[in-house]
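Notebook open, coffee poured. Here is what I looked up, in the order I looked it up.

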Amino acid sequence: MYFPRPLRPSLKWILAVAMLAIATPQIAQAEALLVVEADTGKVLQADNATMPWYPASLSKLMTAYVTLKAVKDGRVSLDTLLTVSPTASSQSPSKMGLRPGTQVTVDNALKMMLVKSANDMAVVLAEGIGGSIDGFAGEMNQTAQKLGMTQTSYVNPNGLPADGQITSARDMAILARAIIRDLPEYEYFVHIPSIRFGRRITQNFNKLIGRYPGADGFKTGFICASGYNLVASATRDGKRLIAVVLGASSGRMRAIRAAQLLDRGFANNGLAWLRPSLGTVDNLVPIDSTPPNLREEMCGAKHKRPASDEDGEDTVASAGASTNGDSGVSFFASGLQAAMPTKPADLLAQPAAASEPVVVYTGPTKTGAALIAAVEADTEKLQPAKRGKGKHTRVAGKKSDTADDAKGDSKSASKLDSSKSDNKPAAKPVRHANAKPDAAAAKPAADKPAAAKPAGKPAAAKPAAKPKAEKPKAEKPKADAKPAG
C-alpha cells in the first residue's frame, strides 16, 4: 500500500496533532492559576490569572511586606514592642489568643501571623505600624498601587471577609516577586516550617514547605467565598518559580495544583521554543468583573462537614487529573517529562521534613536563660486560656462568613498543632492531664466497684444500690466543673 510522503512521522507532525487534540481547554470549576519566573516575571502559564478574587489570608503577605518595609526604612525594628489591643484580641480564629495588654515584638508577631495565619497578630502589626486598621489599610493600598497591583484593594490586614478585599492571581504574583526583590534579608519569614509557642507546635499551613523539593514560600488563604488559595515558590537548579492557585476545592488540592504547576514550569525550561510567548506578569490584561463567590461550593448544605484547610482527604482521587484550563503546550510538555519519582499527591501525603520549630513568645526580645523563662511563662498562661476558648470558637464559626476563615485556619491548627492546642478538640486531653481533673476522674472509677458489690447481693440490697448509683451521677458534674473553671 502506498503512503504519501507527508504522512511519514515527524516531530512537527506529532506536535501538531497533540496540540490540536487538546486545543479546547476543559474548565471543570472556577479556579485561577498562574506560574511565572521569579527573576524575569515571564509568564509560563495563565488561566483566569486576571479574574478578580477574594484573597482571604493571602492579604497577610501585603501586611508582612508593609511591615518589613517599615523595618527596612527604620520606622520600627524587629525588636519593637507592640501591644495587643481589645480590637486585635477580638478577631476571629485562627489567632494566637493573647489577652489585651500583652506585648509582643514585631519579629514574633510576623512569625505568628505568617505560620499560624493569626488574625489577631495581623491587627497588632497594623495598629502598631499604621496607627489603626484603616490607617494601615491605606498604606497597603498605596503600596499595591506602587507595585502595579492594579486589581487589588484592601480593607483589613488579615483577609477576613469584606466586599472591598479583592485581588487577582496576577497581583499576587507581582507581590511575591516584590518580596523576593525588595526584602531578600527578611524573606525567611515566608518559609518557616513551624513555630513553637509554649508547648504548642504549629506547622506551616503551606503543605509544600518541607515536602516539595526546593519549596521556599509563601502563604495560604481560605474563606468560603474564595475557596482555597495558595501562593507558592520553589527553586530548582538556580531557577525560581512562583505559582498562584486561587479557588481550589480543598487545602490538599491547592497544594497539589501548585506542585503540578511548578513541575510543569521546571520541565518546560528546556522547551521554551514550543510555547507561545505570554509576556510578563505585569502586562497581563485585567478582566473587568466581580469576584466569583464560591461559598455554596465550599461551605454549602451539601457538605457533610465544615470546610477547613485540612478537609482535602476526599479530593485525593482527583489529584492526578490535569490542571483545569491547561494550555495545549503545558499539557504536552508535561507528557514529555519522565515520570516523577513521586507524584504530587503522594509527595504531599508524606510527613514534612524534620525541622526544629522556631520559638515565639510574648514580651521583649530574649535570649538564653531569659528566653527559656519566657517560654515557660507562656506555657503557664496557656493553661487557663484553653478552657474558655473552645466553645467560643465553635459558636463564632457557625454565625458568619468571618468564621469561615476561622474554620479554615483554626481547624487546620487543631490537627497540625500538638495536643496542647487551644482549640476545643485538643483541649480535652489537656484538661485530663492536669492533677485536679485526674483526681476528680478517679473518684467515679473508685465508686464503680463499690456500686457493683451490692448489685451482686440479694434483691434486698437493690434499694441500697439505687442511692449509690445516683452518687456518681451527682459527682460527674463536679469532675467536669473543675477543669472547666
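**Ground rules**

Before I read any strand partners, I note that two strands pair if DSSP finds at least two bridges between them. Helices (H or I, at least four residues) and strands (E, at least two) are DSSP runs, numbered from the N terminus. I am working with a predicted model, where local features need pLDDT of at least 70, side-chain atom pairs count only at pLDDT 80 or more, and totals for chains, interfaces and linings use all residues. Residues are numbered from 1 along each chain as its sequence is written, and side-chain values use heavy atoms, with hydrogens and water left out.

**Entry 1: β7 and β8**

I started with this pair of strands. β7 and β8 run antiparallel, with eight bridges between them. A hairpin of three residues makes the connection from β7 to β8. I looked up one bridge by name: Phe 218 has Ala 232 in β8 as its partner.

Phe 218 itself sits in strand β7, and I found something to flag there. The peptide bond between Gly 217 and Phe 218 is cis, with omega about 0°.

Next I checked burial, where buried means under 20% relative accessible area, exposed over 50%, and partly exposed in between (1.4 Å probe, protein chains only). In β7, nine of the nine residues are buried, so I wrote the strand down as mostly covered.

**Entry 2: the disulfide**

How many disulfides does a search of the whole structure find? I counted a pair of cysteine sulfur atoms within 2.5 Å, and the search gave one. Cys 224 and Cys 299 form it, with 1.9 Å between their sulfur atoms. The two cysteines are 75 residues apart and tie together distant parts of the chain: Cys 224 is in the loop between β7 (215-223) and β8 (227-236), while Cys 299 belongs to helix α9 (residues 295-299).

I also read the torsion about the S-S bond of Cys 224 and Cys 299, which is about -95°, so I logged the disulfide as left-handed. The two ends have their own accessibility values. Cys 224 is buried at 1% relative accessibility, and Cys 299 is partly exposed at 29%.

**Entry 3: aromatic rings**

My rule here: rings of Phe, Tyr and Trp (its six-membered ring) pair if their centres lie within 6.5 Å; planes under 30 degrees apart count as stacked, over 60 as edge-to-face and the rest as tilted. That gave me two aromatic pairs.

In one of them, Tyr 188 and Phe 189 have ring centres 4.5 Å apart and planes at 25°, so the pair is stacked. Tyr 188 is partly exposed at 35% relative accessible area, whereas Phe 189 is buried at 1%. In the other, the ring centres of Phe 222 and Tyr 228 are 4.2 Å apart and the planes again meet at 25°, so I filed this pair as stacked too. Phe 222 and Tyr 228 are both buried.

**Entry 4: Asn 204**

Asn 204 lies in the loop between β6 (200-203) and β7, and with 8% relative accessibility this residue is buried. What does the side chain of Asn 204 reach at 2.9 Å? I found the backbone oxygen of Ile 192 and the backbone nitrogen of Asn 206, each at 2.9 Å.

**Entry 5: helix α4**

Is α4 (residues 106-116) buried or exposed? Eleven of its eleven residues are buried, so the helix is largely enclosed by the rest of the structure. Charged names are on the list too: Asp 107, Lys 111 and Lys 116 are among the buried residues of α4. Just after α4, Ser 117 takes a positive phi of about 60°.

**Entry 6: backbone oddments**

I finished by collecting some other backbone values. Asn 48, in the loop between β2 (43-47) and α2 (59-72), has a positive phi near 55° without being a glycine. Asn 48 is partly exposed at 30% relative accessibility.

Asp 237 is not a glycine either, and its phi is positive at about 50°. I placed Asp 237 in the loop between β8 and β9 (239-248), and its relative accessible area of 82% makes it exposed.

One more cis peptide bond went into the book: Pro 93 to Ser 94, with omega near 5°. Ser 94 is in the loop between α3 (86-89) and β4 (103-105).

Technical notes
Polar contact = N/O pair within 3.5 Å; in protein donor to acceptor, adjacent residues only side chain to side chain.
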